[in-house]
Amino acid sequence: MEAPAIVVPSASAAARRPSLPVLAAAIPIVSGVVMWMVTQSLLALCFAALGPLMLAGSAIDRLRTGRRDERHRVAEVEAAWNRAEEDLTSFHRAERDELLRRHPDTAACLAEPPLCGTESPSAETSLVVGRGTVPSSVRLSGGDDERAREFRRRASVLREAPIAVSLSGGLCIRAAKPLADAVTRALVVQLALRFTPGQLSLCGEGLTGTGLDRLPHAARSARGAFRLSLGGGSEAVDARIVSCDVDAEAPDGVTTVLDVVDPQEAMLRTARGSSAIAVEGLSAEQTRVIAEQLLERRSAAGGLPESVALAELPPPEQTGLLAAIGSGEHESLCLDLVEDGPHAIVTGMTGMGKSELLITWVTSIARSHSPERVAFVLADFKGGTAFDPLRELPHVAAVVTDLDTDGARRGVESLSAELRRREEALAAAGVRDIRDHPGLGRLVVVVDEFAALVQEHADLAMVFTDVAARGRALGMHLVLGTQRATGVIRDALAANCPLRVSLRVADAADSRLVVGTDAAAGLPGDAGARGLALIRRPRDQDALAVRVARTSAADVDDAARRWHAAVRPVSPWLPALPGMLPLDDLLRERGAEDADARVIGRADDPRRQRQPLELLRPRDGIAVIGGPGAGKSTALRGLERQAADALVVSPDAETAWDAVSALALGERSAPFVVCDDLDLLVAAYPAEYAQAFVAMWERIVRLAPVAVGLSRVSGPLARVIDAIPRRALLRMPGKAEHLAAGGEPEAFRRDRPAGRAAIDGREVQWSWTEERQAAATAGRDGVMWVPGGPLSGVVTGRAGNVVEALRRRHPDRRVVAVTEVDAAHTALAAEGLIVVGDPEGWRAQWALAQRIRSDGELLVAAECAAELRQIAGVRDLPPFAELHAGRAWAVDRGQRPERVRLLP
């Protein structure tokens, strides 16, 4: 974090006084004297007196203005200094608070007890011995006068900051005995508040004399704990604090000496130098009260074993969902979700063993109850792998990790569907409770980190509340794990979760909400307290302490082997649709009653807890809309493969025009029409052809079932798509395109997998089939023109080139330019005459053009589309012809034009 900066005000110079207007005052004097000399009038001398009066007035005004400006200048400087002083006070306070958070002294530890981590103290652990002056990180800029230098001096040091030393060199307190004992108590209590008895162990002869022997850290020496000695002693310790008289020498090996004359006047001496500090002190009575509070915090763990293995606990009777989860003071402790529940709340801070408790609970139920009696859905919303060891249990129907928006929706619908399914099963059996339905097993939904679910998916949390309210009779049970309960577990949900388990929590409010007392907040936080929990069942007046059993891989294996022959239950939480579904596999799954239907893929229907085949009935058409790489072409390829007699519209504009126009005019019929990239095909035509092409498609979709693919829905194509009975929406590039294609706003997903479509409000994974080698487009090059009669005419913009090309291709014909035609050539028409000319030339030979139009064959190049109407008299739109590709329209004796290939 960057250190704060303060701008120091600069000393501003006094405002320069303006000079007196002597010249302006002299002008009236000179003018008056001159006028008197000329007029000899005394009134002129009165005018001269105005000069001194103006000079006196200016002097008075200058004095008044100068005083006012000086007051303003002084006020601005003082305001700037006040702001600088306030900033310095604020920055120093924040800096001091930050140091106290990192290095809390005894008073700070008592005001806000620090959280005890899992690491024990070491030789490098810091001990705050008092408060003193340290360099400040505040940065200054500006100011160079004496006041600024004084301000810089004060800003460069931070007063009353915590002064910390490491325990590695030991500490010697030289003071009068009452004062030395008070300082020793404060320092040791500081460490006792920061570390648990499992991390810190106190020893030495100085314990009894100071009253520190009451602390739980002095009761016994925990294995592996950091050993701190008070006073003398020959035993091996990790660090020591000793006290002696003022004039005595510090013991050998001690590198930190604290000389205390008065708590506010102490001197700290280290190898780096000396500094004056103020120290803390505690009386014996204050130490006794603090020790009693620490003992109360640890009283819940009294009489419990250090660790328990699940294999050591005897399996309970197979009644309800009874399971042994740990050991109390005298015997194993069992929980029954049926009798004690039907739902449970489990709280605990990170590292306290909450996930291990859930694993033990599930394994303990599984080893005593068959998969026919109970199934589990395990949900870990921390994104971890806590439940992975339980996957091999045959009872586990599903393991769910972090949910995205789509997964949350499916989860909501799946749990709601399971509620409906169980209600229908009980109604069909004529019973009201699952106890009276022998064929319906119980379902336990275990959630690790319920708070993450509530934060991300509020709608799914509402379904859990519904399950909690209706689940008892239906045999659905919830075990909800969370780090904190306040603000996460709503009252409506908590009211239906009477079974409560709490490991150590950070907030006393969470402890009171879960187990009805502050005891869970007072549980120790060291590594040895992992798995230490408080349990409160509806029949318990007070919370019971328990050491949660540890579950090993062998315990899970034993439970799995016991029920290895059992059938794994069907998951109510349906798995996500796979990313690839081979078409051949789905065709084999299709039933005989649907033999005529085409398989689209597999649909996701969590509301009915099924994933059926999605079919396209023979008379139905479908529009497949998707962006690049969304799987649109693969989807159409699968439909095409299932229709051997399907008409596949070519991507070539000319071939597509011929096929579509034949269908629209009824010249050709097809039981199924497939066209990919319809929008790109329409865009390839000029405006007039595009409009006609779309109009032909509007007729086709009403005559035959079609499957069309396109990247976006816009313009006239929207009418075509609206006329198709079904629509499949794949991944779109953006939300605007998604909405334009008819998609719902909440259904837009930028990361939608390829082939995943929304059809009729359901998610469908489209079938996949291999891409086949594309067949050569039939008739792509068109029909080469062959003269059919004795007289032919060609209208083209490249008359010279066409003449030479036709002469080479038709040597048996006479090919001439229209400008060279005379009566002799016309007379030779019976021998085969081809006349070639540009539009202007044909207009000059209008009579010849009309003769050819009525008696012969007139060809108009595609580049001369306007002449088709003017010279050939064709009013209807001719077949589309590609420009600059040797295409022409042939009109034989006034018939409909046909597209031909004029030049190779």
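This passage describes two helix packings, one internal cavity and the surroundings of one strand residue in a predicted model.

The cavity is considered before the helices. A search of the whole structure identified one cavity of 30 Å³ or more. The largest cavity encloses about 40 Å³ of space. Its lining is formed by L337, L358, W361, V362, I365, F376, V444, V446 and V479. Two elements, α9 (354-368) and β17 (442-448), each give two or more residues to this lining. Of the elements involved, α9 gives the most to the lining of the largest cavity, contributing four residues. In terms of residue class, the lining of the largest cavity comprises nine nonpolar residues, with no polar and no charged residues.

Helix α9, which contributes to the cavity lining, also packs against helix α15 (residues 553-562). The axes of α9 and α15 lie 9 Å apart and meet at an angle of about 30°. Because angles under 35 degrees count as roughly parallel, α9 is roughly parallel to α15. The crossing of these two helices, α9 and α15, is left-handed. On the α9 side, the contact involves T363, A366, R367 and S368, which meet D555, V556, A559 and R562 of α15. The residues of this contact divide by class into three nonpolar, two polar and three charged.

A second packing is formed by helix α18 (residues 653-664) and helix α20 (residues 687-703), at an angle of about 45° and with the axes 9 Å apart. This angle makes α18 oblique to α20. The crossing of α18 and α20 is left-handed. Helix α18 enters the contact through A656, W657, V660, S661, L663 and A664, while α20 supplies Y689, A692, F693, M696, W697, R699, I700 and L703. By class, the contact of α18 with α20 contains 12 nonpolar residues, together with one polar and one charged residue.

Residue A278 belongs to strand β11 (residues 273-278). When neighbours within four places in sequence are set aside, the contacts of A278 are with G130, R131, P263 and Q264. A278 and D252 are 26 residues apart along the chain, and a distance of 25 Å separates their C-alpha atoms.

Note on methods. Residues numbered from 1 in each chain as written. Predicted model: local features only at pLDDT ≥ 70, side-chain atom pairs only at ≥ 80, totals over all residues. Heavy atoms only, no water. Axes fitted to C-alpha atoms, helices over the stretch in contact; angles between N-to-C directions. Parallel < 35°, antiparallel > 145°, perpendicular 65-115°, else oblique. Left-handed = near helix turned anticlockwise from the far one by under 90°. Contact = heavy atoms within 4.5 Å. Nonpolar A, V, L, I, M, F, W, Y, C, P; charged D, E, K, R; others polar. 1 Å grid on protein atoms, 1.4 Å probe; cavity = no way out; pocket = protein on both sides within 12 Å on 5 of 7 lines; lining within 4 Å. Points joined across faces, edges and corners; volume = space filled by probe spheres on them.
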